[in-house]
Amino acid sequence: MPELPEVETVRAGLERHVVGRTIESVTVLHPRPVRRDPRGPAGFAAELTGRRFVGARRRGKYLWLPLDNGDALLGHLGMSGQLLVQPPGRPDERHLRVRFALRDDRGEVELRFVDQRMFGGLSISPGGAELPVEMAHIARDPFDPEFDDDRFVGRVRLRQAGIKRLLLDQTLVSGIGNIYADEALWRAELHGDRPGDRLRPIQVRRVLAEARAVMGAALHEGGTSFDALYVNVNGESGYFDRSLHAYGREGLPCDRCGGPIRRQEFMNRSSYFCPVCQTVPRLRRSHRRD
Ligand SMILES: [Zn+2]
């Protein structure tokens, strides 16, 4: 699953290469990625042909491309989806599913949706240019200028759930995935099971600041490694290999105290933490539930 920095890299690439261009044709090579469209592949293609992309926007890890008629094309990248911008004539990718031929006075390019497993897809959101209804429930991400830190801190401190679960709650804050949550918590020296309502405001602010810092570093890397005419997202990032302190480091020494990093089960996934720097909270004796 791509995380926010990778999706932002894609968004920035789409803004540069796709916005302003008109869709000359749409070729749906496999019906599954456009399964959300009740008109079927031909209707999907007809609806988009002749339209022009006027923006490339994102909320959390969700992307959309506003169109000149007020609708929007939504990209759901799922587990393995990629949006590529390629020159015409470049050989098809093995798992190419949908091709858009685009043109403006800069010339022609193709926007290609490539997806091996096809959990993702493309759909049209009527009237969705500003904010698609499909994304209205998703909170702003920590880099959004309108993200409200005070409101986030207040909402976290009303909840009994662990802080990691709250960081992943897309209605509170979007864009923080499993890896960045673990890294932010390690940097903030907080265990992910610490209940929101037991944290001081300064602790919540700290973990939010650390999430911004760790994702900001990855955003910077994504920006610098971006190839001029190649937009790609696949959930892999060189950043992860070099800069992680907790995630994926079970048994390796903590970069702060030298003790071994531990792994625990977390919502069918894993959490990594340092039991010395990130003290495991004692169990709440209360009978209240979150
Ligand atoms: Zn440690």
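Here are a few friendly notes on this predicted model, arranged by feature.

1. Let's start with helix α1, residues 4-17. With 14 residues at 1.5 Å a residue, the helix should span 20 Å, and its end C-alpha atoms are indeed 20 Å apart, so the two agree. Of those 14 residues, 11 are buried, so α1 is largely enclosed by the rest of the structure. Among the buried ones are L4, P5, V7, V10 and L14, and also E6, E8, R11 and H17.

2. Next comes an open sheet of 4 strands, ordered β2-β3-β4-β8 with antiparallel pairing. The edges are β2 (57-59) and β8 (121-125); each has a single partner strand, so one side of each lacks a neighbour in the sheet. On average, neighbouring strands are turned by 25 degrees against each other, direction ignored.

3. If you look at the β2 edge, 3 bridges join β2 to the antiparallel strand β3 (residues 62-66). Here R57 stands opposite W64 in β3. Helix α2 (residues 40-48) packs on this sheet, touching β4 (72-76) and β8, and its direction makes about 55 degrees with that of β8.

4. How many aromatic pairs does a search of the whole structure find? There are 2. In one, the ring centres of F147 and F152 are 5.8 Å apart with planes at 50 degrees, so the pair is tilted. Both F147 and F152 are buried.

5. The rings of Y247 and Y272 have centres 5.1 Å apart and planes at 70 degrees, so this pair is edge-to-face. Y247 sits in the loop between α7 (238-243) and β9 (262-266), while Y272 belongs to strand β10 (residues 269-273), 25 residues apart. Y247 is partly exposed, at 25% relative accessible area, whereas Y272 is buried, at 12%.

6. Finally, two charged side chains are worth a look. K164 lies over the face of F266, at 4.3 Å from the ring centre, and R256 lies over the face of W186, at 3.9 Å.

Conventions: Residues are numbered from 1 along each chain as its sequence is written. This is a predicted model: local features need pLDDT of at least 70, side-chain atom pairs count only at pLDDT 80 or more; totals for chains, interfaces and linings use all residues. Side-chain values use heavy atoms; hydrogens and water are left out. Helices (H or I, at least four residues) and strands (E, at least two) are DSSP runs, numbered from the N terminus. The expected span of a helix is 1.5 Å times one less than its number of residues. Buried means under 20% relative accessible area, exposed over 50%, partly exposed in between (1.4 Å probe, protein chains only). Two strands pair if DSSP finds at least two bridges between them. Axes are lines fitted to C-alpha atoms, for helices over the stretch in contact, and angles run from 0 to 180 degrees between N-to-C directions. Contact means heavy atoms within 4.5 Å. Rings of Phe, Tyr and Trp (its six-membered ring) pair if their centres lie within 6.5 Å; planes under 30 degrees apart count as stacked, over 60 as edge-to-face and the rest as tilted. A charge sits over a ring if NZ of Lys or CZ of Arg is within 6 Å of the ring centre and within 35 degrees of the ring normal.
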